[in-house]
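Visitor: I would like a close look at a single part of this protein, the place where its first helices meet and the core around them. Please go slowly and state the cut-offs as you go.

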Amino acid sequence: MVYIRNASAHGSDYAKSLFMTRCVEGKGLPTVEKTPSGYLRGKHGPGQSRLNYLMSDIVMTFNLLAT
């Protein structure tokens with residue numbers, strides 16, 4: 001999430017290159033999903049976007065930390 005956030009918020013060449021190497025490189029994604037917003041809109045699984053999956057994972061982690 002940090003690499004996606006930084007590439008979206010900052011847009012610097014460094015942030016974009018980290019996003020590409022950590023999130024996109026070697027995954028055979030369509031061109032439209034090789035941007036931070038396109039990546040988040042992409043499918044993680046049937047009926048679930050990557051954004052939905054990542055956010056649910058974050059909520060689950062916070063719930064574990066709160067207990």
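Guide: What follows begins with the model as a whole, then turns to the helix pair, the core and a few single residues.

This is a predicted model, in which local features need pLDDT of at least 70 and side-chain atom pairs count only at pLDDT 80 or more, while totals for chains, interfaces and linings use all residues. Residues are numbered from 1 along each chain as its sequence is written, and side-chain values use heavy atoms, with hydrogens and water left out. The average pLDDT (the predictor's confidence in each residue, from 0 to 100) is 95 for the protein, and 100% of the residues score at least 70. Confidence is lowest in strand β1 (residues 43–45), with a mean of 94, and highest in α2, at 97.

The protein has four helices and two strands, where helices (H or I, at least four residues) and strands (E, at least two) are DSSP runs numbered from the N terminus. Along the sequence these elements follow the pattern α-α-α-β-β-α, and the C-alpha atoms fill a box of roughly 40 × 30 × 20 Å, taken along the principal axes.

Now to the part you asked about. Helix α1 (residues 2–9) packs against helix α2 (residues 13–24) at an angle of about 145°, and their axes lie 8 Å apart; axes here are lines fitted to C-alpha atoms, for helices over the stretch in contact, and angles run from 0 to 180 degrees between N-to-C directions. On the α1 side, Y3, I4, N6 and A7 make the contact, and on the α2 side A15, K16, L18, F19, R22 and C23 do so, contact meaning heavy atoms within 4.5 Å. By type, the residues of this contact divide into seven nonpolar, one polar and two charged, where Ala, Val, Leu, Ile, Met, Phe, Trp, Tyr, Cys and Pro count as nonpolar, Asp, Glu, Lys and Arg as charged, and the others, Gly among them, as polar.

The largest nonpolar core has nine residues, namely I4, A7, F19, C23, V24, L29, Y39, L40 and L54. Such a core is a set of buried Ala, Val, Leu, Ile, Met, Phe, Trp, Tyr and Cys residues joined through side-chain atoms within 4.5 Å, and buried means under 20% relative accessible area, exposed over 50%, and partly exposed in between (1.4 Å probe, protein chains only). The elements that give two or more residues to this core are α1, α2 and α3 (36–41), and α2 gives the most, with three residues. Leaving aside residues up to four places away in sequence, L54 of the core touches M1, I4 and L40.

Helix α4 (residues 50–66) also holds L64, which is exposed, with a relative accessible area of 60%. L64 lies 31 Å from K16, C-alpha to C-alpha, and the two are 48 residues apart in sequence. R50, which is found in α4 as well, is buried, with a relative accessible area of 12%. Again not counting residues up to four places away in sequence, R50 touches L29, E33, G38, Y39, L40, G42, K43 and H44. V32, placed in the loop between α2 and α3, is exposed, at a relative accessible area of 57%.
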